[in-house]
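Please open the model in a viewer and keep the selection panel at hand. The tour below proceeds stop by stop, naming what to select and what is to be found there.

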Amino acid sequence: MQTDSADGPVIEFRDVVFRLPDGRELLKDLNLQVQRGETLILLGRSGSGKTTTLKLINHLLAASSGTVLVNGEDNNVGDVIRLRRGIGYVIQNVGLFPHLTVERNISLVPRMEGWPVERIRARVEELLHLVGLDHAIGSRHPHQLSGGQQQRVGVARALAADPAILLMDEPFGALDAITRDELQREFLSLQQRLHKTIVFVTHDLREAVRLGSRIALMEAGRLVTVLSPQEFLRSANPIAAAYLRAFGEGLESAANRGAS
Amino acid sequence: MNVAHFFLQHHEEILELTLEHLWLVGVSTLFAIVIGIPLGIVSAHWPVWNKPVLGTANVIQTIPSLALFGFLLPVPWIGARADRLAILALTLYALLPVIRNTYTGIRGVDPSVVEAGRGMGMTGSQLLFQVELPLAVSVILSGVRVAAVVSVGLATIAAAIGAGGLGEFIFRGLAMVNNQLILAGAIPAAVLALTADFCLGWLERRLQPR
């Protein structure tokens with residue numbers, strides 16, 4: 001298996017264990033590959049290790065043993081700041097900087113990277129448009145925006161320096177159903193244009209089959225199985241079956257929309 | 001002779017002692033800011049330092065002020081001049097509110113904001129100066145405000161060791177059982193305290209994020 005060529009996985013977990021200082025294992029023996037341009041969903045209930053898995057990728061957490069490879073390189077060696085600036089990161093609580101305007105929030109990474117002012121201005125315009133926001137919003141502060149608008153800004157901020165990888169931790173979890181539906185739809189059309197490599201954490205099976213190209217099912221710190229949305233719906237795996245029972249009807253159509 | 005008359009007659013001396021007072025309070029508050037904010041940052045970021053730093057500042061706070069002036073008297077260089085000694089003592093007292101509020105302010109920053117910053121590749125100092133301190137600034141300033149107001153009152157005691165300031169009038173008035181003299185010290189001190197409180201409070205509201 002080759003990992004150093006351009007065709008290799010963009011992200012790879014090799015026998016990764018994550019242990020808390022008190023010895024509890026949050027992640028046991030994880031082996032997982034994320035391919036270029038795919039949307040890999042980490043599906044599981046709270047405490048299953050999906051957020052831990054995500055944070056291991058941008059090295060907000062360090063593996064206790066095993067290796068996490070990003071673009072073929074062990075992310076434990078080398079410059080962690082460089083690594084993170086090349087990875088977009090969107091979290092459920094959005095984490096916008098409340099003291100900065102929308103424009104400054106979005107342009108944070110480009111600014112740190114020392115882009116010229118004109119290029120930053122153009123990029124902010126472009127991103128606001130991309131995530132469906134009026135450019136007048138740029139001068140507002142986060143608390144003046146609705147939850148949906150805030151999360152759009154969060155996505156724009158993550159995309160600012162055009163990273164090839166995007167990590168999303170339940171980005172739509174705190175939104176109302178209608179706004180969530182809207183943002184999921186936009187996510188799909190965005191991904192069709194941008195072809196980012198995305199790792200997306202959720203506990204919502206409907207969201208998983210709609211947005212994912214593959215679903216990695218996690219339970220109690222273990223990876224149970226990795227399946228395509230269609231396979232997942234037909235899976236005989238007892239844990240997958242429990243999800244299907246819990247989410248009930250209408251998943252087929254969600255999955256089909258995701259594939260179209 | 002009424003109080004207003006006394007003030008008019010002694011306005012030069014009152015002004016001089018008020019400026020002296022302001023100098024003692026201003027310099028010591030400045031020192032407390034310069035020392036206290038970094039200590040607050042350290043204890044907020046490295047929990048190991050939290051107890052020793054805040055504990056020490058707490059203990060200093062419990063020493064009666066007159067006794068602290070006395071303790072510092074034999075210290076070389078410091079004890080040689082009364083104003084140095086007074087400034088050191090006032091600085092020590094002002095440290096606790098500054099350290100504690102810096103600590104509280106930084107710990108109070110929404111963890112998801114800090115995590116987002118870290119995840120985006122901000123370095124430790126970028127996080128501190130661009131995120132944590134700007135978001136904590138109004139809490140820190142309210143600590144500075146407490147420190148300054150308390151210092152104005154405490155600095156009157158500095159006159160007991162000959163450091164000057166408005167306490168001179170008060171001690172003189174006490175010795176001579178002269179209420180007008182006491183008021184000549186107390187009223188400008190109260191005005192100073194209120195002014196400091198008002199100005200720093202205004203600044204605090206101005207700098208409040210969101």
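Is Asp15(A) buried or exposed? Select this residue in the predicted model and display its surroundings. Asp15(A) is exposed: 12 other C-beta atoms lie within 10 Å, and because a residue counts as exposed at 12 or fewer, that count meets the cut-off. The residue belongs to strand S1 of chain A, which covers residues 11-19. Its backbone also merits inspection, since phi of Asp15(A) is near 45 degrees, a positive value in a residue other than glycine.

**Chain A as a whole**

Now select all of chain A and switch to a cartoon view. Eleven helices and ten strands make up its secondary structure. Its radius of gyration is 18 Å, close to the 18 Å that the globule rule gives for 260 residues, so chain A is as compact as a globular protein of that length. Along the principal axes, the C-alpha atoms occupy a box of roughly 50 × 45 × 40 Å. Colouring by burial would mark 43% of the 260 residues of chain A as buried. If contacts are drawn between residues of chain A at least 6 apart in sequence, 68% of them join residues at least 24 apart.

**The side of chain A that touches chain B**

Next, select the residues of chain A that touch chain B. Here 17 residues of chain A are in contact with 16 residues of chain B. Three elements of chain A give two or more residues to this side: helix H2 (80-85), strand S6 (87-91) and helix H4 (108-112). Coloured by class, this side of chain A shows nine nonpolar, six polar and two charged residues.

**Chain B as a whole**

Move across to chain B, which has nine helices and zero strands. The box filled by its C-alpha atoms is roughly 70 × 40 × 25 Å along the principal axes. Of the 210 residues in chain B, 41% are buried. Among its contacts between residues at least 6 apart in sequence, 72% join residues at least 24 apart.

**Helix H5 of chain B**

Select residues 82-107 of chain B, which form helix H5. At 1.5 Å a residue, these 26 residues should span 38 Å, and the end C-alpha atoms are 38 Å apart, which agrees. Where does H5(B) bend? The bend, of about 30 degrees, is at Ala94(B), and a proline, Pro97(B), follows within four residues. Of the 26 residues of H5(B), 20 are buried, so the helix is largely enclosed by the rest of the structure.

**The largest nonpolar core**

Keep H5(B) displayed and add the largest nonpolar core, which has 125 residues. The residues with the most contacts inside this core are Val199(A), Ala216(A) and Leu90(B). H5(B) gives the most to the core, with 14 residues. Centre the view on Leu90(B): leaving aside neighbours within four places in sequence, Leu90(B) is in contact with Leu24(B), Val25(B), Ser28(B), Ser151(B), Leu154(B) and Ala155(B). In soluble globular proteins, nonpolar side chains tend to be buried together.

**A last stop at Trp77(B)**

Finally, select Trp77(B), in the loop between helix H4 (65-72) and H5 of chain B. Trp77(B) is exposed, with 8 other C-beta atoms within 10 Å. Although Trp77(B) is not a glycine, its phi is positive, at about 65 degrees.

Methods:
Residues are numbered from 1 along each chain as its sequence is written. Chains are lettered from A and ligands numbered from 1 in the order in which they are written. This is a predicted model: local features need pLDDT of at least 70, side-chain atom pairs count only at pLDDT 80 or more; totals for chains, interfaces and linings use all residues. The radius of gyration is taken over C-alpha atoms; the globule rule is 2.2 Å times the number of residues to the power 0.38. Two residues are in contact if their C-beta atoms, placed from the backbone, lie within 7 Å. Ala, Val, Leu, Ile, Met, Phe, Trp, Tyr, Cys and Pro count as nonpolar, Asp, Glu, Lys and Arg as charged, and the others, Gly among them, as polar. The expected span of a helix is 1.5 Å times one less than its number of residues. The bend at a residue is the angle between axes fitted to the seven residues ending there and the seven starting there. A nonpolar core is a set of buried Ala, Val, Leu, Ile, Met, Phe, Trp, Tyr and Cys residues joined through C-beta atoms within 7 Å.
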